[in-house]
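Please examine the sequence and the structure shown below. The briefing that follows describes the protein chain and its surroundings.

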Amino acid sequence: MGKTMEGWDSMEEWTPATIQAFRRALLTWYDHEGRDLPWRRDHDPYHVWVSEVMLQQTQVQTVIPYYQNFMAIFPTVAALAAAPEPDLLKAWQGLGYYSRARNLQRAAQQIVTDYHGQWPRTAAGLADLIGVGPYTAGAIASIAFGEVVPAVDGNAFRVFARLLMIDDDIAKPRTRQRFENIIQPIVDPERPGAFNQAIMDLGSSYMTAKNSDPAHSPVRDFDASYQANRVADFPVKTKAPRPKLMPYYGLIIHSPAGYLMVQRGEQEMLSGYWTFPLVLQADLREDEAEVAPTVTTDITEMTRRWQKDIQLDLDLQPLGGRPVSQTYTHQRWQVKLLTANLQTISDLQFYPGQWVAPGDITDLPLPKVQEKMLQRLQDQNPFEELEWK
DNA sequence: AAAACGTGGAC
DNA sequence: TGTCCAAGTTT
């Protein structure tokens with residue numbers, strides 16, 4: 001195979017014979033060792049599409065139960081297009097990157113109405129669907145429709161960066177096109193879908209980011225970085241900045257009608273999901289003793305959200321325990337919990353939030369940070385509530 | 001081009 | 001507890 005010669009620097013191109021041998025080694029391995037996954041039971045574009053969107057930035061083992069539940073509830077594109085949004089968000093709860101769910105439904109509606117139920121059969125056409133980028137378009141086109149195109153995800157970046165010792169920074173947008181150009185002639189024209197999936201299986205087994213095992217890889221003989229003993233040098237990827245600290249108060253406001261909950265707005269993170277009211281600490285005036293903040297009408301964040309100039313006059317008390325923390329890709333929330341117990345709700349009826357009975361809270365779509373706040377509330381039990389679901 | 005966007009697992 | 005990573009897309 002000729003790649004054991006010394007000094008194989010990056011960017012040396014594979015000969016047609018090398019490409020042929022690589023495909024054979026890869027696909028022979030894949031046919032025997034490829035994973036049996038729920039979305040690989042057929043090549044239905046709906047199945048491929050939903051699984052690929054769920055798999056964006058998400059590990060396989062996380063996706064499996066979500067995929068199975070999703071298909072039970074929304075078995076067809078038409079069912080997804082017609083689904084009530086709360087059902088959709090509930091089915092996606094815990095998966096993260098929630099705009100994926102809404103984009104998925106918008107694309108389903110595109111297919112039903114604009115395309116009359118007929119799928120675009122090429123990557124270029126599929127990329128017109130909202131939420132379908134270059135990777136997902138390539139994956140659906142190759143797996144469901146047999147188009148000979150690469151599907152360049154994190155695995156493909158890593159695998160080919162190592163195989164060919166490509167030192168372009170894969171964090172940079174411009175690098176994608178370069179990888180697509182390099183991979184395109186290597187994709188097996190007979191089995192493009194299997195080829196792309198085999199690369200991904202390789203990237204999640206022998207050629208993982210950490211603790212890789214290139215010595216036993218089925219394509220070891222094609223692995224330039226392994227031959228050069230430089231596996232750890234690839235891929236090149238600049239690291240992300242640290243998440244910014246966001247100190248919040250979480251307001252747990254209890255009344256005879258239940259707990260005050262608000263739905264996150266269109267422009268906000270976690271959009272469409274429900275939480276206790278959250279107020280940036282900078283927007284809430286601390287009192288001298290620093291026991292609990294005094295809530296006044298100058299709570300800018302809250303008045304913006306509720307669009308009311310409300311004299312809240314709540315008697316807020318801190319809830320015991322450390323702040324609830326939740327780390328996102330770009331933010332680190334630390335939420336101090338404060339409670340208030342109202343004897344009557346007459347003053348608060350016009351709040352744009354909703355009073356939710358304790359037993360009904362978990363019926364709403366909730367983000368992880370809300371589940372943590374709820375858990376803390378139940379642990380502390382300040383209102384001696386007996387009706388938790 | 002760079003930043004925003006969730007969560008869970010591995011170490 | 002902290003850091004990095006995982007089948008990316010949108011703005």
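A polar contact is a pair of N or O atoms within 3.5 Å; within protein, one must be able to donate a hydrogen and the other to accept it, and residues adjacent in sequence count only if both atoms are side-chain atoms. The model is predicted, so local features need pLDDT of at least 70 and side-chain atom pairs count only at pLDDT 80 or more, while totals for chains, interfaces and linings use all residues. Side-chain values use heavy atoms, with hydrogens and water left out; residues are numbered from 1 along each chain as its sequence is written, and chains are lettered from A in the order in which they are written.

**Polar contacts with DNA strand B**
- The side chain of Thr 58 places an N or O atom 3.1 Å from a base nitrogen of DNA strand B.
- Tyr 97 has a backbone N or O atom 2.8 Å from a sugar or linking oxygen of the strand.
- For Tyr 98, a backbone N or O atom lies 2.5 Å from a phosphate oxygen of DNA strand B.

**Surroundings of DNA strand B**
- DNA strand B is surrounded by 24 residues (a heavy atom within 4 Å of the strand).
- The closest are Tyr 97, Tyr 98, Asn 211, Thr 329 and His 330.
- Sugar or phosphate accounts for 64% of the atoms of DNA strand B within 4 Å of the protein, and bases for the rest.

**Chain A as a whole**
- Chain A has 389 residues, of which 50% are buried (under 20% relative accessible area, 1.4 Å probe, protein chains only).
- Among contacts (heavy atoms within 4.5 Å) between residues at least 6 apart in sequence, 68% join residues at least 24 apart.
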